[in-house]
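Q: I am new to this structure. Please take a close look at one part of it and walk me through what is there.

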Amino acid sequence: MLVIISMMTLGVLVAAAVAIYVAYPHRGEDLPVAPQLGNAMRRGVDALPTLEDSESRV
């Protein structure tokens, strides 16, 4: 039972992090309460490889 509760909590935390990223840093705005968290999210996303617009159309 503890494993199920911990996995559900982890899923909710990941979903909340994605929602917060889409709501603020992805649009170029700072988080109102913790701007350091928004900067860390931007650095993390900038470190990941992405496809350019021309590369995604095949």
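A: Helices here are DSSP runs (H or I) of at least four residues, numbered from the N terminus. By that rule, Ala 17 sits in helix H1. Helix H1 is the part to look at. Keep in mind that this is a predicted model.

Start with the setting. The chain holds 3 helices and 0 strands. Along the sequence, the pattern reads α-α-α. The chain has 58 residues, and 9% of them count as buried. About 5,000 Å² of the chain is exposed, with 68% of that area supplied by carbon and sulfur atoms.

Next, confidence. The mean pLDDT of the chain is 81, and 88% of the residues reach at least 70. Among the elements, H1 has the highest mean pLDDT, at 92. The lowest mean, 61, belongs to helix H3, which covers residues 53–56. Where pLDDT is low, predicted coordinates should not be read in detail.

Now to the helix itself. Helix H1 spans residues 2–23, and Met 7 is part of it. Is Met 7 buried or exposed? Its relative accessibility is 52%, so Met 7 counts as exposed. The cut-off for exposed is over 50%.

Met 7 also belongs to a nonpolar surface patch. Val 3, Leu 10, Val 14, Val 18 and Val 22 make up this patch together with Met 7. The patch has an area of about 570 Å².

Return to Ala 17, in the same helix H1 as Met 7. Its relative accessibility is 34%, so Ala 17 counts as partly exposed. That class lies between buried, under 20%, and exposed, over 50%. Which residue can be paired with Ala 17 across the sequence? Met 41 can: 24 residues separate the two along the chain. Their C-alpha atoms are 9.2 Å apart.

To recap, H1 carries an exposed Met 7 and a partly exposed Ala 17.

Definitions and conventions: Residues numbered from 1 in each chain as written. Predicted model: local features only at pLDDT ≥ 70, side-chain atom pairs only at ≥ 80, totals over all residues. Heavy atoms only, no water. Patch = residues over 30% accessible without salt bridge, like charges linked within 9 Å, V, L, I, M, F, W, Y side chains within 5 Å. Areas by Shrake-Rupley, 256 points an atom, 1.4 Å probe, with all protein chains shown as cover. Salt bridge = Lys/Arg side-chain N within 4 Å of Asp/Glu carboxyl O. Helix = DSSP H or I, 4+ residues; strand = E, 2+ residues; numbered from the N terminus. Buried < 20%, exposed > 50% of the residue type's maximum accessible area, 1.4 Å probe, protein only. pLDDT = per-residue confidence, 0-100.
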